[in-house]
Amino acid sequence: MARVDCNHIRHAYGPNPKSDKDFALKEVHQVFEDGGAYALLGPSGCGKTTLLNIISGLLHPSHGQLLFNGRDVTNLSTQERNIAQVFQFPVIYDTMTVYDNLAFPLRNRGVPEADVDRKVRETLDMIDLASWAKKKARGLTADQKQKISLGRGLVRSDVNAILFDEPLTVIDPHMKWVLRSQLKQLHRRFGYTMVYVTHDQTEALTFAERVVVMYDGEIVQIGTPAELFERPRHTFVGYFIGSPGMNVMPVAIDGKTATLGSQRIELPGAPQTATGPIELGIRPEYVRLGREGMAVKVSKVEDVGRHKVVRANLEGREIAAVIGEDETVPAEPKVRFEPTRINIYADSWRVEMGA
Amino acid sequence: MEKTWNNKAWFLVLPVLVLVAFSAVIPLMTVVNYSVQDTFGNNVFFWAGTEWFEELLHSDRFWEAMLRNLVFSFIILAIEVPLGIFIALNMPKKGWAVPVCLVLMALPLLIPWNVVGTIWQVFGRNDIGLFGYYVNALGINYNYVQDPIDAWVTVIIMDVWHWTSLVVLLCYAGLVSIPDAFYQAAKIDGASRWAVFRYIQLPKMQRVLLIAVLLRFMDSFMIYTEPFVVTGGGPGNSTTFLSIDLVKTALGQFDLGPAAAMSLVYFLIILLLSWVFYTVMTNYDAER
């Protein structure tokens with residue numbers, strides 16, 4: 001297991017990148033602690049797979065350095081870095097048995113057959129496939145195949161990190177839960193450094209201790225699931241995390257008051273002065289629908305089962321509010337924002353509020 | 001659901017039955033008719049029974065042609081399959097070179113067979129042929145008109161030139177269908193170049209290779225046009241394959257009875273091969 005340091009890493013796919021636009025990965029300066037479980041979360045094309053492939057060595061970064069436990073591995077091959085990677089589509093060696101699939105990486109490294117056997121049996125137990133050892137790998141289900149891909153990484157006891165590239169995409173929903181909890185269990189028991197790429201927020205939030213949110217080739221926020229929810233550092237994080245995403249509306253700030261159209265919203269503190277367009281962000285969960293506050297026009301109510309999502313119009317802007325499953329929309333609906341849950345953004349980045 | 005039985009539906013298949021009857025069944029039946037009779041012309045026939053079949057199966061000429069056919073098929077498979085795989089592995093996977101390579105590969109396949117024969121007939125001549133002339137200039141005595149081995153070499157090179165592309169294209173199709181993740185995983189697993197070929201590329205090509213081998217085998221077993229144009233079955237009988245022998249018997253000597261018997265045996269062999277082809281393919285699919 002190793003600590004992974006990304007030292008000012010930038011990457012462009014084309015030759016001679018000039019402006020920021022040419023970079024798929026603008027600049028990543030980030031430490032993945034030894035034994036941590038990280039999720040890289042972001043929409044398609046945000047550079048998360050690029051970053052993962054740079055860590056695994058499938059890509060060589062245009063700029064920057066990669067360190068494993070302080071040792072520079074930037075110029076080492078994938079094999080020399082000794083990492084494991086699980087891909088979106090299960091990669092198995094069709095013609096081999098489950099046992100041989102797991103033995104493959106060890107045999108390639110010339111490990112004595114006795115050790116191969118011991119390690120493979122251990123791994124088969126870990127991934128719960130011991131009874132399938134002699135079966136041909138081609139006949140397995142997608143989730144079993146994905147476990148084999150994972151097993152080929154686990155079988156090497158000295159792997160520096162295990163990387164996952166959207167590993168559950170082709171897995172049935174009910175198996176996703178099972179696999180994810182098995183992954184967490186493995187992580188807890190053996191303390192692997194794990195980096196997990198996904199665009200599914202549920203997957204990221206349930207798997208990882210720290211979620212790294214990426215947007216447009218940059219890391220916009222790193223935090224625990226709770227931090228991402230309560231204090232998104234960038235409006236993108238607000239949109240991307242949560243369902244529905246955060247309500248963001250342009251406001252004018254004057255001391256401890258925000259003005260939205262003709263409405264005045266009291267803030268818990270005065271935001272620090274900042275340049276750029278000012279916006280106010282509030283999660284739908286913290287928008288209270290009732291008889292007091294700012295008048296809104298409700299356009300539709302979506303019942304999603306556990307709760308209802310109310311779509312309404314406030315001062316010409318669409319906002320969403322979450323209300324309980326049994327609550328109803330009052331005749332003359334009004335909304336109130338929970339003051340402590342309000343975030344203020346300048347130029348899309350969060351600004352701290354003073355007292 | 002209740003099934004409706006209506007025998008009028010048979011009328012819908014009638015056109016096909018009529019077509020097949022006229023194009024295949026009736027001509028085949030006339031062949032069967034010839035094979036059990038003897039004729040000296042003027043539409044006078046004598047019953048011959050199984051005489052022609054017995055004669056055929058006891059004739060050295062038939063078995064020699066058959067042996068030549070099998071040896072020929074074996075040699076060209078042994079060359080074209082590995083060569084085809086090798087070329088497919090080395091073809092570019094991306095960029096402008098892909099269409100260029102594909103067109104170059106497809107060219108020999110687009111040339112009519114008798115033209116291929118003519119090309120090589122001229123190409124190999126030692127007086128005006130580019131190939132024949134320079135091979136002789138190198139000090140190698142090469143003359144496909146006189147030397148049986150040279151004739152075989154010419155016919156084999158010609159077939160390799162003509163048909164290796166088919167194997168290449170089929171293998172290439174199998175190769176490009178392998179997702180990048182497989183190669184990346186192999187890198188991570190520390191697989192050697194050979195292991196990548198053995199455990200990733202070959203299994204993915206297995207299916208198309210099977211088709212390639214069977215197609216090439218059946219095709220080479222029926223080969224006629226090219227050797228006919230280049231060597232005419234000679235020198236002597238050294239490149240007289242079954243089909244060439246058949247045409248010689250039927251149209252050269254006008255021995256309709258023996259030729260008909262030979263056609264039927266030849267037909268049964270091809271039928272048997274088609275059956276093997278079909279069975280292997282369907283078994284393979286079931287196994288997947």
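User: Let's start with the open sheet in chain A. How many strands does it have, and in what order do they come?

Analyst: First the general idea: strands in a sheet pair through backbone hydrogen bonds, and the pairing is either parallel or antiparallel. Now to this model, which is a predicted one. The open sheet has 4 strands, in the order β11-β15-β22-β23 of chain A, and the pairing is antiparallel.

User: Which strands stand at the edges?

Analyst: Those are β11 (247-250) and β23 (349-351) of chain A. Each has a single partner strand, so one side of each is left without a neighbour in the sheet. Also, if you ignore direction, neighbouring strands here are turned by 40° against each other on average.

User: Can we zoom in on one pair? Over how many bridges do β11(A) and β15(A) pair?

Analyst: Over 4 bridges, in the antiparallel sense, with β15 covering residues 278-282 of chain A. For a spot to look at, find N247(A): opposite this residue stands I282(A) in β15(A).

User: Okay, helices next. What do I need to describe two packed ones?

Analyst: You need the angle between their axes and the distance between the axes. Try helix α4 (residues 97-110) and helix α7 (residues 148-176), both in chain B: their axes come within 8 Å and cross at roughly 130°. The two helices, α4(B) and α7(B), are therefore oblique to each other. Their crossing is left-handed.

User: Which residues meet there?

Analyst: From α4(B) you have M105(B), A106(B), P108(B) and L109(B). They meet W161(B), H162(B), S165(B), L166(B), V168(B) and L169(B) in α7(B). By type, the residues of this contact divide into 8 nonpolar, 2 polar and no charged.

User: And where the two chains touch, how many residues does each one bring?

Analyst: Chain A brings 20 residues and chain B brings 14 residues. On the chain B side, α8 (180-188) and α9 (193-221) each supply at least two residues. The most comes from α8(B), with 6 residues. That side of chain B divides into 9 nonpolar, 3 polar and 2 charged residues.

User: Last one: what are the domains of chain A, and how far apart are their centres?

Analyst: The domain assignment gives domain 1 (4-230) and domain 2 (246-351) in chain A. Taken over C-alpha atoms, the centres of domain 1 and domain 2 of chain A are separated by 39 Å.

Notes
Residues are numbered from 1 along each chain as its sequence is written. Chains are lettered from A and ligands numbered from 1 in the order in which they are written. This is a predicted model: local features need pLDDT of at least 70, side-chain atom pairs count only at pLDDT 80 or more; totals for chains, interfaces and linings use all residues. Domain bounds come from an automatic or database domain assignment. Two residues are in contact if their C-beta atoms, placed from the backbone, lie within 7 Å. Ala, Val, Leu, Ile, Met, Phe, Trp, Tyr, Cys and Pro count as nonpolar, Asp, Glu, Lys and Arg as charged, and the others, Gly among them, as polar. Axes are lines fitted to C-alpha atoms, for helices over the stretch in contact, and angles run from 0 to 180 degrees between N-to-C directions. Angles under 35 degrees count as roughly parallel, over 145 as roughly antiparallel, 65 to 115 as roughly perpendicular and the rest as oblique. A crossing is left-handed if the near helix is turned anticlockwise from the far one by less than a right angle, and right-handed if clockwise. Two strands pair if DSSP finds at least two bridges between them.
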